[in-house]
Amino acid sequence: MRRVWLVLLVLLLPLPAAAVTSPADMLPDAAQEERARALGREIRCMVCQNQSIEDSEVGLARDLRLLVRERITAGDSDAQVKDFLHARYGDFVLLRPPFAWNTLILWATPLVALLVGFGLILLARRGTAGVPPPAPLSAEEQRRLAEIEAAIKFNDGNRA
């Protein structure tokens, strides 16, 4: 039975996303097609936002895939294709936007979040450092605790 579950798990694992491009949209030259796919993995689908145009099935992503292939066929270099899309759609179209003053918050946010989290952990630990340990139980408290534990054991024994 374990093997059946293992086989099902392996079959259900997410497989690497393949380009959604239909065979009719692909370039006849394999080298150009590979360039187009590599570029497509660097360009953001503006509808899905966290997927490349190669991984997205949205119509806009298909249009951008076709545009990339059209520019490659026209003889543009990879940088020229990226510059063309960047000029049209801005920094957001690139999955790895350039480091600039207007994208500083994008690049700095993970570091700031990490530092804030680390600071909060230090503050929480500092707040508990000066707390004295609890006083030991008195004889009366220990007797009462023993009664409660005995009652719990008795009730657990009757349930079984």
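Me: Going by the usual cut-offs, helix angles under 35 degrees are roughly parallel, those over 145 roughly antiparallel, those from 65 to 115 roughly perpendicular, and the rest oblique. At what angle do α3 and α4 pack here?

Reply: In this predicted model, helix α3, residues 59–73, packs against helix α4, residues 78–89, at an angle of about 135 degrees, and their axes are 10 Å apart. The two helices are therefore oblique to each other.

Me: And what is the handedness of the crossing of α3 and α4?

Reply: The crossing in which α3 passes α4 is right-handed.

Me: Which residues meet there?

Reply: From α3 the contact takes in Leu 64, Leu 67, Val 68, Arg 71 and Ile 72, and on the α4 side these meet Val 81, Phe 84, Leu 85, Arg 88 and Tyr 89. Sorted by class, the contact of α3 with α4 has eight nonpolar and two charged residues, with no polar ones.

Me: Switching partners, how do the axes of α2 and α3 cross?

Reply: Helix α2, residues 30–40, crosses α3 at roughly 135 degrees, the axes coming within 10 Å. That angle makes α2 oblique to α3, and the crossing of this pair is right-handed.

Me: Who makes the contact between α2 and α3?

Reply: On the α2 side the contact is made by Gln 32, Glu 33, Arg 35, Ala 36, Arg 37 and Leu 39, and on the α3 side by Val 68, Arg 69, Ile 72 and Thr 73. By class, this contact of α2 with α3 has four nonpolar, two polar and four charged residues. Val 68 and Ile 72 of α3 are listed in this contact and are also listed in the contact with α4.

Me: Stepping back, how many helices and strands are there in the protein?

Reply: The secondary structure comes to six helices and zero strands, so, reading from the N terminus, the order of elements is α-α-α-α-α-α.

Me: What share of the residues is buried?

Reply: Of the 160 residues in the protein, 19% count as buried. As for contacts along the chain, among those with a separation of 6 or more, 47% come from residues 24 or more positions apart.

Me: Now the cysteines: how many disulfides does the count come to?

Reply: The count comes to zero disulfides. Cys 45 is in none, and the nearest cysteine sulfur to its own, that of Cys 48, is 3.4 Å away.

Me: Why is there no bond between Cys 48 and Cys 45?

Reply: The sulfur of Cys 48 is 3.4 Å from that of Cys 45, its closest cysteine sulfur, which is too far for a bond, the cut-off being sulfur atoms within 2.5 Å.

Me: Is Cys 45 buried or exposed, and what about Cys 48?

Reply: Cys 45 counts as buried because its relative accessibility is 0%, whereas Cys 48, at 29% relative accessibility, counts as partly exposed.

Me: Let me ask about the loops, then. Where does Ser 52 lie, and what does Ser 52 touch?

Reply: Ser 52 lies in the loop between α2 and α3, and is buried, with a relative accessible area of 4%. Setting aside residues up to four places away in sequence, Ser 52 touches Gly 40, Arg 41, Ile 43, Arg 44, Cys 45 and Leu 95. One of these, Cys 45, is the buried cysteine with 0% relative accessibility.

Me: And Arg 96, is that buried or exposed?

Reply: Arg 96, found in the loop between α4 and α5, the latter spanning 104–129, counts as exposed, with 63% relative accessibility. The C-alpha atoms of Arg 96 and Ile 43 are separated by 8.3 Å, although these residues are 53 residues apart along the chain.

Me: Last one: where is Thr 103 found, and which residues is Thr 103 in contact with?

Reply: Thr 103 is found in the loop between α4 and α5, and with 6% relative accessibility counts as buried. Leaving aside neighbours within four places in sequence, Thr 103 is in contact with Asp 91 and Pro 98. The C-alpha atoms of Thr 103 and Phe 92, 11 residues apart along the chain, are separated by 9.7 Å.

Definitions and conventions
Residues are numbered from 1 along each chain as its sequence is written. This is a predicted model: local features need pLDDT of at least 70, side-chain atom pairs count only at pLDDT 80 or more; totals for chains, interfaces and linings use all residues. Side-chain values use heavy atoms; hydrogens and water are left out. Axes are lines fitted to C-alpha atoms, for helices over the stretch in contact, and angles run from 0 to 180 degrees between N-to-C directions. Helices (H or I, at least four residues) and strands (E, at least two) are DSSP runs, numbered from the N terminus. A crossing is left-handed if the near helix is turned anticlockwise from the far one by less than a right angle, and right-handed if clockwise. Contact means heavy atoms within 4.5 Å. Ala, Val, Leu, Ile, Met, Phe, Trp, Tyr, Cys and Pro count as nonpolar, Asp, Glu, Lys and Arg as charged, and the others, Gly among them, as polar. Buried means under 20% relative accessible area, exposed over 50%, partly exposed in between (1.4 Å probe, protein chains only).
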